[in-house]
Amino acid sequence: MPYYQGFLAAVPEANKERYREEATKAWELFKGLGAVQMVETWGVDVPDGKVTSFPMATKKTDDETVIFSWIVWPDRATCDAATRKMMEDHSAAAEMEMPFEGMRMMWGGFEELVNVRA
């Protein structure tokens with residue numbers, strides 16, 4: 001069963017191209033560890049909320065944009081093994097530079113519930 005890791009963060013707008021470059025490097029790492037897909041999105045219509053919202057969750061500032069991304073793994077076991085390997089071998093991850101404040105990034109793992117297409 002596919003397993004999804006989702007990510008939400010606020011990235012300075014000035015770092016958009018750096019973010020794209022680092023995401024491209026990250027894909028090579030994740031693909032080598034068994035990931036089957038990675039999607040990175042750049043917020044273009046992400047409204048502020050009154051109670052909760054993506055901008056509020058990430059503590060987005062006026063010069064930042066919210067990103068929403070996910071990695072698809074064949075199953076949770078593959079994802080967990082990749083995570084362990086990255087924790088044990090920091091060399092590949094150390095080469096990447098996050099062009100945003102990592103403390104405000106959130107993530108989680110998800111099992112597929114519904115998947116439909118036109």
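**Sheet**

I began with the sheet of this predicted model. I found four strands in an open sheet, and the pairing is antiparallel. I read the order as β2-β3-β1-β4. Then I looked up the edges. They are β2, residues 37-42, and β4, residues 106-111. Each of these pairs on one side only. I also checked the turn between neighbouring strands. On average it is 15°, with direction ignored.

**Strand pairs**

I went through the pairs along the sheet order. β2 and β3 run antiparallel, joined by six bridges. As a reference point I noted M38, which stands opposite I71 in β3.

Next I took β1 with β3. This antiparallel pair has 10 bridges. Here Y4 has V72 of β3 as its bridge partner.

Last came β1, residues 3-12, with β4. I counted six bridges, again antiparallel. G6 faces G108 of β4 in this pair.

**Burial of β3**

I asked how many residues of β3 are buried. The answer is eight of 10, so the strand is largely enclosed by the rest of the structure. The cut-off I used for buried is under 20% relative accessible area.

**Helix α1 on the sheet**

I then turned to α1, residues 16-32. It packs on the sheet and touches β1, β2 and β3, the last of these being residues 64-73. I noted its direction against that of β2: about 170°.

I wanted to know whether the length of α1 agrees or disagrees with its 17 residues. At 1.5 Å a residue they should span 24 Å. The end C-alpha atoms are 25 Å apart, which agrees. The expected span takes 1.5 Å times one less than the number of residues.

Which residues of α1 are buried? I listed Y19, E22, A23, A26, L29 and F30. I then looked at where they sit around the axis. They cover an arc of only 115°, which puts them on the same side of α1. I marked E22 as one of the buried residues in that list.

I followed the chain past the end of the helix. G34 comes after α1, and its phi is positive, near 110°.

**Helix α3**

My final lookup was α3, residues 76-88. This helix lies across β1 and β3. It runs at about 50° to β1. I put this next to my note on α1, which also touches β1 and β3.

Technical notes: Residues are numbered from 1 along each chain as its sequence is written. This is a predicted model: local features need pLDDT of at least 70, side-chain atom pairs count only at pLDDT 80 or more; totals for chains, interfaces and linings use all residues. Side-chain values use heavy atoms; hydrogens and water are left out. Two strands pair if DSSP finds at least two bridges between them. Helices (H or I, at least four residues) and strands (E, at least two) are DSSP runs, numbered from the N terminus. Axes are lines fitted to C-alpha atoms, for helices over the stretch in contact, and angles run from 0 to 180 degrees between N-to-C directions. Contact means heavy atoms within 4.5 Å. Buried means under 20% relative accessible area, exposed over 50%, partly exposed in between (1.4 Å probe, protein chains only). The arc is that of the directions from the helix axis to the C-beta atoms.
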